[in-house]
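Work through the following exercises with the coordinates loaded, and attempt each task before reading its solution.

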Amino acid sequence: MAEVDTGGGKKVSTKVDMTPMVDLAFLLITFFMLTTTFSKPKAMEVNMPDKVKDPIDDVIKVKASLTTTFVLGEKDIIYYYSGVDNPEVRQTDYSDGGLRKVVLSDIKSKVAQFGNDPIYIIKASKDSRYKNVVDMLDEMAIAGNYVVVYNGQERKTKLSYAMVDITKDDEELIEKAKGGPTAAPAAAPAQ
Amino acid sequence: MNRKSVSLDMTAMCDMAFLLLNFFILTAQFKPEEPVTVITPSSVSDVPVPQTNLMTITIDKNGRIFFGVEGQFVRDKMVRDMAGKYQVGLTEAQIKEFSLTSTFGSDIRQLGAYLDLSATERQKLTNNGVPCDTANKGENNQLRDWIAFARYANMPNPMRIAIKGDNDANAESIKRVIATLQDQNINKFNLVTGLEAKPDLSLFR
């Protein structure tokens, strides 16, 4: 019964055919590779001001000249204007040569002119989409790393920005600016 | 003539294959099934989304809101409190199903029927979502109540909040969610984004 057939003195090979085992192993590897997610989602932290008091009101009373309002419009267009009294509304888009150039050159000129960093007010219109909001907030975060030169000294910008609700006045301004002669020519992408 | 054998020694290959297999099995984290697919925008932020004590508010491109909380026991307690407030009868089986569902999107009044559906049937719904009506001081704002009960159920640990919006979701729907949060004095939250490379600002000097 429990005899091993030694095949008449010849030794039986101890080698096992591993091909199916390897096949199976690679099949499983493929499965786990494809189901694993390596790129974990990232989070952008947002701190909103307390609802009790509107800090923007105070800011505008103090330095309207430092503010620029960005209205996120339809079809990925941004309308922006400086100050509050009869401002000239311009348009731009979310590309590097558009919004980034506008923001950074604005920081540069405000710092050179007033020695202070600008204050940005972000207003999302009802036609804008969520991507626009995130892109805008991201642009602010990027601009926070911008190095400006003031009085011959280099320093990082200390940008203040806030997201507030759009007002009737803004909507009228935008309506007037649409297709108007104030539309800025598309900025060339920075090289 | 002496024929050469065509069989190779596969031991080394087999070793390597199983080593890789072990690695992938141990690092695998299965994605929980979600009732809706959203494509998030990207940002330069590289802070990872926290994995624990987290509630996720998902907003799809049609503005539907889905709500999810980490932790089976938290979900169990939360749904009981919520059903109590709205006087909705849920069976024990439905509550069990709820505690195993990572993300849901339904009016509390139809939650029972929603939970009876299979995961694939839920994905086919088009008119669902957690109601988030900020009118009338948020009287009918169910999202607010879910958030409040989730935070209560997770005591004493503080909850972190992630908003996961679709690229094409209207800004209004996001603002409504943020207003709901601010209504409860939650002024700090995370927006879930993909990662994109930090731009070189020296080009703009």
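The exercises below go from the overall model to its elements, its single residues and the contact between its chains.

This is a predicted model, in which local features need pLDDT of at least 70 and side-chain atom pairs count only at pLDDT 80 or more, whereas totals for chains, interfaces and linings use all residues. Residues are numbered from 1 along each chain as its sequence is written, while chains are lettered from A and ligands numbered from 1 in the order in which they are written.

**Exercise 1. Confidence and composition**

Task: State what confidence the predictor gives the complex, and describe the make-up of chain A.

Solution. Begin with the complex, for which the predictor gives an ipTM of 0.73 and a pTM of 0.72. For chain B, the mean pLDDT (the predictor's confidence in each residue, from 0 to 100) is 79, and 91% of the residues reach 70 or more. Where pLDDT is low, the predicted coordinates should not be read in detail.

Next, take the elements, where helices (H or I, at least four residues) and strands (E, at least two) are DSSP runs numbered from the N terminus. Chain A has five helices and eight strands, and their order from the N terminus is α-β-α-β-β-β-α-β-α-β-β-β-α.

Finally, 28% of the 191 residues of chain A count as buried, where buried requires 20 or more other C-beta atoms within 10 Å of the residue's own, exposed 12 or fewer, and partly exposed a count in between, with C-beta atoms placed from the backbone.

**Exercise 2. The open sheet of chain A**

Task: Find the order of the five strands in the open sheet of chain A, and identify the edge strands.

Solution. Pairing requires that DSSP finds at least two bridges between two strands. On that basis the order in chain A is E4-E3-E2-E5-E8, with mixed pairing. The edges are E4 (90-92) and E8 (160-164) of chain A, each of which pairs on one side only. From one strand to the next the twist averages 25°, with axes being lines fitted to C-alpha atoms, for helices over the stretch in contact, and angles running from 0 to 180 degrees between N-to-C directions.

At one edge, E3 (residues 78-82) of chain A runs antiparallel to E4(A) and is joined to it by three bridges, with A:Tyr79 opposite A:Gln91. At the other edge, five bridges join E5 (residues 119-124) of chain A to E8(A) in a parallel arrangement, and A:Ile119 stands opposite A:Ser160. Along E8(A) the side chains alternate, since A:Tyr161 and A:Met163 point to one face and are buried, while A:Ser160, A:Ala162 and A:Val164 point to the other and are not.

H3(A) lies across E2 (67-72), E3 and E4 of chain A, at about 125° to E4(A).

**Exercise 3. Two helices and one glycine**

Task: Compare the span of H7(B) with the expected value, and decide whether A:Gly97 is buried, exposed or partly exposed.

Solution. The expected span of a helix is 1.5 Å times one less than its number of residues. For the twelve residues of H7 (residues 142-153) of chain B this gives 16 Å, and the end C-alpha atoms are 16 Å apart, in agreement. Nine of the twelve residues of H7(B) are buried, among them B:Trp146 and B:Phe149.

H4(A), with 14 residues, reaches 20 Å between its first and last C-alpha, close to the expected 20 Å. Because eleven of these 14 residues are buried, H4(A) is largely enclosed by the rest of the structure; A:Tyr130 and A:Met136 are among the buried ones.

A:Gly97 lies in H3 of chain A and is partly exposed, because it has 15 C-beta neighbours inside 10 Å.

**Exercise 4. The contact between the chains**

Task: Describe how many residues each chain gives to the contact, and which strand of chain B is bridged to E1(A).

Solution. Contact means that the C-beta atoms of two residues, placed from the backbone, lie within 7 Å. Chain A supplies 45 residues and chain B 50 residues. On the side of chain A, H1 (19-35), E1 (42-47), H3 (96-114) and H4 (130-143) each supply at least two residues, and the largest share, ten residues, comes from H1(A).

Lastly, E1(A) runs antiparallel to E7 (residues 188-195) of chain B, with six bridges joining them; here A:Lys42 has B:Thr193 as its bridge partner.
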